[in-house]
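Hi everyone, thanks for making room for me today. Please have the sequence and the structure open while I talk, and stop me if I go too fast.

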Amino acid sequence: MPNSDSTVEDFCKDPNFIRWVLTPTDESNRFWQSFMADYPHKRADISLAIDYVKTIQFREIEPTQQDLARLKQRIWADIDKPARQTTTVQLIHWYQRPYWAAAAIVMLVASIGFAWWIYQANLSLTYQTAYGKIQEIKLVDGSVVTLNANSRLKVADNMADRPVREVWLEGEAYFDIAKRKGTKFIVHTPEAQIEVLGTEFNVNTRRNQTHVVLEEGKVQLSTDNQSMVVMKPGDMATVTPKSRQIQLKRVQPDLYDAWKASYIILDGKSLPEIINSLEDTFGVKINLSDSLLMNRKLTGKLRTDVADDCIENLGIILDANVKKTGDTYRFE
């Protein structure tokens, strides 16, 4: 039975889950909708597992002319048999035999499991985190990437042997890039390309914008509409999809990468900015009944280990009551 600790792989190996994805019924829809309501943090894993199961396809093999000829000959031979040789036989379909049905189910699960393993092997260079989860990834070139919740990182094949090391990011990640003589490292986002030699920086592509905050070293940033801009430590670059222009401002880098240690620094941030960050991290919705709360300036830190605790603590700081309905929190 699926539970709150089930992984993407567990779902993909579950015959009931596979049956629901491929041939959903009202009953199975109710079960999995109820499961996601009870464990909202598993929605991302379930969505990913659905994609994997739907991607697995079985190859159809065309019979050869020799196969067709043999089949035709066999059919005609059966038709030409004398009537006296025919005997009455009670026809029992294969699926009516319990052991055949059981074997078929075992073969189906085994096939899906094997296909899943092959699929995973081919996708070994793509990393995906669920809501509320952080993953540290050590790349083959010695670089270390810390992937924030609800984020995806695709890494180019044979990175260790390439003069240009490339990755593609959706979400948020902190990069600690290993220096390698004669090579460069490029991070692709929907709005920009970030080229580095050896440095540490944070990239956030959420809310249809790319934000790059440079911790140390040197970064060169470019877009389709703007040539290379060189960033210095303490710079934050923002690129929007509409203009594709790079805007720079000075910031404190540690305010933007505190998520690595599972907390958020409130200083200098507006409440909408904080709420957006929590919604992106936990996959929840946060509403305010009092619009005056939007103007509040906050200070301090919030732990982000557990969604309920984090949002309850934010309510205490705002002196507001928090009501939860499903995945939605309301401050009153």
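Let's begin with Lys13, which counts as partly exposed because its relative accessibility is 43%. Lys13 forms a salt bridge with Glu9, and the closest N and O atoms are 2.9 Å apart. Glu9 also counts as partly exposed, at 36% relative accessibility. Why do these two sit about one helical turn from each other? Because they are 4 residues apart in helix H1, residues 8-13.

Before I go on, please keep in mind that this is a predicted model. The mean pLDDT of the protein chain is 82, and 80% of the residues reach 70 or more. Among the elements, strand S3, residues 144-147, has the highest mean pLDDT, 97. At the other end is helix H6, residues 98-122, with the lowest mean, 54. Two stretches deserve some caution. Over residues 83-89 pLDDT stays under 50, and the model has 0 contacts there beyond four places in sequence. Over residues 120-124 pLDDT also stays under 50, and here the model has 2 such contacts.

Now the overall picture. The protein chain has 332 residues, and buried residues make up 39% of them. There are 8 helices and 19 strands. If you take the contacts with a separation of 6 or more, 46% of them come from residues 24 or more positions apart. The chain exposes about 20,100 Å², with carbon and sulfur atoms supplying 51% of that.

Back to salt bridges, since I know this group likes them. How many does the chain have? The count comes to 14 salt bridges. One of them joins the side chains of Lys42 and Asp45, with 2.8 Å from N to O. Are these two buried or exposed? Both Lys42 and Asp45 are buried.

Another salt bridge pairs Asp235 with Arg250, again with the closest N and O atoms 2.8 Å apart. This pair links distant parts of the chain: Asp235 is in strand S13, residues 235-239, and Arg250 is in strand S14, residues 246-250, 15 residues apart. The two partners differ in cover. Asp235 has a relative accessible area of 4%, so it is buried, whereas Arg250, at 54%, is exposed. There is also a network: Arg207, Glu279 and Asp280 are joined by salt bridges that share partners.

Next, helix H3, residues 26-38. With 13 residues at 1.5 Å a residue, H3 should span 18 Å, and its end C-alpha atoms are 18 Å apart, which agrees. Which residues of H3 are buried? They are Ser28, Trp32, Phe35 and Met36. These cover an arc of only 95° around the axis, so they lie on the same side of H3. Turn the helix around and the face away from that buried side carries the exposed residues Asp26, Glu27, Arg30 and Asp38.

We can ask the same of helix H8, residues 307-318. Its 12 residues should span 16 Å at 1.5 Å a residue, and the end C-alpha atoms are 17 Å apart, which agrees. Buried in H8 are Ala307, Cys310, Ile311, Leu314, Gly315 and Leu318. They cover an arc of only 140° around the axis, which puts them on the same side of H8. What covers them? The cover includes helix H7 (271-282) and strands S16 (285-288), S17 (301-303), S18 (322-325) and S19 (328-331). Right after H8 comes Asp319, whose phi is positive, near 55°.

Let me finish with a residue on the H7 side of this arrangement. Leu278 lies in helix H7, and because its relative accessibility is 1%, Leu278 counts as buried. Which residues does Leu278 touch, leaving out those up to four places away in sequence? They are Gly283, Val284, Ile286, Thr304, Cys310, Ile311 and Leu314. You'll recognise Cys310, Ile311 and Leu314 from the buried residues of H8. Leu278 and Cys310 are 32 residues apart along the chain, and their C-alpha atoms are separated by 8.7 Å.

That's my tour, and I'm happy to go back to any part of it.

Terms used:
Residues numbered from 1 in each chain as written. Heavy atoms only, no water. pLDDT = per-residue confidence, 0-100. Contact = heavy atoms within 4.5 Å. Buried < 20%, exposed > 50% of the residue type's maximum accessible area, 1.4 Å probe, protein only. Areas by Shrake-Rupley, 256 points an atom, 1.4 Å probe, with all protein chains shown as cover. Expected span 1.5 Å × (residues − 1). Arc of directions from axis to C-beta. Salt bridge = Lys/Arg side-chain N within 4 Å of Asp/Glu carboxyl O.
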